[in-house]
Amino acid sequence: MKTAADVEAAVSAGADAIGFVFARSPRQVEPAAARALAEAIPDSVLTVGVFRDLPAERAAEVAAEAGVRAVQLHGDYPREAFAHFPDHRLIRATALSRDTDIKVGAFGEHMLLLDSAIPGSGERWDLTGMDLPTGDWLLAGGLTPANVATAIAEAHPWGVDVSSGVEARRGVKDPAMIRDFVAAAKG
Ligand SMILES: O=C(O)c1ccccc1NCC(=O)[C@H](O)[C@H](O)COP(=O)(O)O
């Protein structure tokens, strides 16, 4: 989320978590801007800093600067990287492939996010025949208000995550789509 209107739409729709992208992206926000947005978010909604390949030491500084309560790591982070965030909820993001370790907690994370190979791209991946994890895992990748209920019914994730599927155009969230997505996911 990049704007107060995005945040307001997500909170009032009943989202359980709101993410701020600190990686290069049309959705990228500065840590200070994220902190200002996060201050308006009730404690019942988890605030998440999203990183890709930023060294863990620096990501921990940015997470502290932004005041987020969770950290989501995309990219080539080794197990040791997860030790840099003792005060945060940890989400390990990974694309599903034969080499993926899909055991939740394998790297010390609290939640595992199974995403498409290019995060934030809206690319869907085929769940058919996949060996999916159990426990606290999140499904992402090409989800939309129209397909999220079916995806949940098929994969039984603990939660779902969306970005481009609730955007009117790249990097610009649409409050009505956010509302429709949360309603469809929770329904
Ligand atoms: O969203 C981005 O631009 C992004 C950039 C770099 C690293 C991660 C990024 N997003 C991570 C997410 O959690 C997205 O919500 C997830 O990949 C789903 O995206 P989408 O398929 O567009 O719904």
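**Notebook: exposure, contacts and ligand shell**

I began with Asp53, which is exposed because 12 other C-beta atoms lie within 10 Å of its own. The cut-offs I used place C-beta atoms from the backbone: a residue is buried if 20 or more other C-beta atoms lie within 10 Å of its own, exposed if 12 or fewer, and partly exposed in between. The model is predicted, so I note that local features need pLDDT of at least 70 and side-chain atom pairs count only at pLDDT 80 or more, while totals for chains, interfaces and linings use all residues. Residues are numbered from 1 along each chain as its sequence is written.

**Positive phi**

I placed Asp53 in the loop between β2 and α3. Helices (H or I, at least four residues) and strands (E, at least two) are DSSP runs, numbered from the N terminus. Asp53 is not a glycine, yet its phi is positive, at about 65°.

I then turned to His156, another residue other than glycine, whose phi is positive and near 55°. His156 sits in the loop between α4 (148-155) and β7 (159-160). It counts as exposed, having 11 C-beta neighbours inside 10 Å.

**Further exposed positions**

I located Pro42 in the loop between α2 and β2. With 6 C-beta neighbours inside 10 Å, I entered Pro42 as exposed. From Pro42 to Val11 the C-alpha distance is 8.1 Å, across 31 residues of sequence.

I found Ser97 in the loop between β4 (89-95) and β5 (111-115). Ser97 counts as exposed, with 9 C-beta neighbours inside 10 Å. Its C-alpha atom is 10.0 Å from that of Asp131, the two being 34 residues apart in sequence.

Ala176 belongs to helix α5 (residues 175-186). I recorded Ala176 as exposed, on 12 C-beta neighbours inside 10 Å. Ala176 and Pro145 are separated by 31 residues in sequence and by 9.9 Å between C-alpha atoms.

**Ala10 and the nonpolar core**

Is Ala10, a residue of helix α1 (residues 4-13), buried or exposed? Ala10 is buried, since 24 other C-beta atoms lie within 10 Å. I next listed its contacts, two residues being in contact if their C-beta atoms, placed from the backbone, lie within 7 Å. Apart from neighbours within four places in sequence, Ala10 contacts Met1, Ala15, Ile18 and Ile178. Between Ala10 and Ala153, 143 residues apart along the chain, the C-alpha separation is 23 Å.

A nonpolar core is a set of buried Ala, Val, Leu, Ile, Met, Phe, Trp, Tyr and Cys residues joined through C-beta atoms within 7 Å. I noted that the largest such core has 49 residues, and that Phe20, Val68, Val71 and Ile91 have the most contacts inside it. For Val68, with neighbours within four places in sequence set aside, the contacts are Phe20, Ala34, Ala38, Thr47, Val48, Gly49 and Ala63.

**Packing of α2 and α3**

Two packed helices are described by the angle between their axes and the distance between the axes. I looked up helix α2 (residues 31-38) and helix α3 (residues 56-66), whose axes come within 7 Å and cross at roughly 40°. Axes are lines fitted to C-alpha atoms, for helices over the stretch in contact, and angles run from 0 to 180 degrees between N-to-C directions. Angles under 35 degrees count as roughly parallel, over 145 as roughly antiparallel, 65 to 115 as roughly perpendicular and the rest as oblique. I therefore entered α2 and α3 as oblique to each other.

In this contact, α2 contributes Pro31, Ala34, Arg35 and Ala38, which meet Val62, Glu65 and Ala66 of α3. I sorted these residues into five nonpolar, no polar and two charged. Here Ala, Val, Leu, Ile, Met, Phe, Trp, Tyr, Cys and Pro count as nonpolar, Asp, Glu, Lys and Arg as charged, and the others, Gly among them, as polar.

**Shell around the ligand**

Which residues come nearest to the ligand? Of the 23 around it, I recorded Ser25, Pro119, Gly120, Ser163 and Ser164 as nearest. β1 (17-21) and β2 (46-52) are the elements that give two or more residues to this shell. A residue is near a molecule or strand if its C-beta atom, placed from the backbone, lies within 6 Å of it. By residue type, I divided the shell into seven nonpolar, twelve polar and four charged.
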